[in-house]
Amino acid sequence: QRKTVQLDKQDVEIYLWDTAGQERFHALTPLYARSSYCAIIMTSINDRGSFESINTWKELLQTSCERYPPCILSVNKIDLEDSIGADRNKIDQEYSDQFDCVMYVSALSGEGIDNLFIYAAQIGYDFFKKNTAKKKTMDIKETKKNGCC
């Protein structure tokens, strides 16, 4: 999916790959993650198993990327938060040191979604600028070769 967000009064296009979290898609993740400037690991506030797979996704990202990109933990389904007695403080304490940010969203109501993408675009852009500035240029000198090749 492609989404346009505004950063500093300028339209920026971001590209999103949803790998669905299902094990059958794990093999595809390295292809998408390889050149990422930001990663969002999505969990569900009412599914403890989604939190238990966080390390698997982080390891997959680590092994797929030349440079580990900024990573956001996005906790989805906050529209169910009151009915299940979820504790944001507990989630923050457990995961905030592992991620650049922990954000809470509801795909159903749209709450927090725009903020998530704007933040992801900003830290991804900052990561891009930081890493492209460090690339060294090479002086290529023409050398005389004997023969045809």
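1. Let's start with Ser74, which lies in strand S4, residues 71-76. In this predicted model, Ser74 has a relative accessibility of 0% and so counts as buried. Leaving aside residues up to four places away in sequence, Ser74 touches Ile40, Ile41, Met42 and Thr43, along with Met103, Val105 and Leu116. Ile40, one of these contacts, comes up again under the pocket below.

2. Next, the cysteines. You will find 0 disulfides in the structure. Cys65 is in no disulfide, and its nearest cysteine sulfur, that of Cys71, is 9.4 Å away. Cys71 is likewise in no disulfide; for Cys71 the nearest cysteine sulfur belongs to Cys38, at 7.2 Å. Since a disulfide here calls for sulfur atoms within 2.5 Å, neither distance qualifies. As for their surroundings, Cys65 is buried, with a relative accessible area of 9%, and Cys71 counts as buried at 1% relative accessibility.

3. On to the aromatic rings. The count comes to 4 aromatic pairs. In one of them, the ring centres of Tyr37 and Phe128 are 5.1 Å apart and the planes stand at 80 degrees, so this pair is edge-to-face. The pair links distant parts of the chain, with the two positions 91 residues apart: Tyr37 is in the loop between helix H1 (29-33) and strand S3 (39-44), while Phe128 is in helix H6, residues 113-133. Both partners fall in the partly exposed class, with Tyr37 at 40% relative accessibility and Phe128 at a relative accessible area of 31%. If you want to look at the wider group, ring pairs link Tyr37, Tyr125, Phe127 and Phe128 into a cluster.

4. Two charged side chains sit over rings, and they are worth a look on screen. The charged end of Lys58 is over the ring of Phe99, 5.0 Å from the ring centre. Arg88 lies over the face of Tyr104, with a distance of 4.4 Å to the centre of that ring.

5. Now the largest pocket, which has a volume of about 1400 Å³. A total of 41 residues line this pocket, and the closest to its centre are Leu16, Trp17, Asp18, Ala39 and Ile40. Which elements supply at least two residues each to the lining? They are strand S2 (10-15), H1, S3, helix H3 (54-64) and H6. H6 gives the largest share, 8 residues. H6 is also the helix that holds Phe128 from point 3, and Ile40, listed among the residues closest to the pocket centre, is in contact with Ser74 from point 1.

6. Finally, a word on backbone angles. Most residues other than glycine have a negative phi. Asp8 is not a glycine, yet has a positive phi of about 50 degrees. Asp8 is placed in the loop between strand S1 (2-7) and S2, and at 69% relative accessibility Asp8 counts as exposed. Lys77 also has a positive phi, near 65 degrees. You can find Lys77 in the loop between S4 and helix H4 (81-84), and Lys77 counts as partly exposed because its relative accessibility is 35%. S4 is the strand that holds Ser74, which brings us back to the starting point.

Methods: Residues numbered from 1 in each chain as written. Predicted model: local features only at pLDDT ≥ 70, side-chain atom pairs only at ≥ 80, totals over all residues. Heavy atoms only, no water. Buried < 20%, exposed > 50% of the residue type's maximum accessible area, 1.4 Å probe, protein only. Phe/Tyr/Trp six-rings, centres within 6.5 Å; stacked < 30°, edge-to-face > 60°. Helix = DSSP H or I, 4+ residues; strand = E, 2+ residues; numbered from the N terminus. Lys NZ or Arg CZ within 6 Å of the ring centre and 35° of its normal. Contact = heavy atoms within 4.5 Å. 1 Å grid on protein atoms, 1.4 Å probe; cavity = no way out; pocket = protein on both sides within 12 Å on 5 of 7 lines; lining within 4 Å. Points joined across faces, edges and corners; volume = space filled by probe spheres on them.
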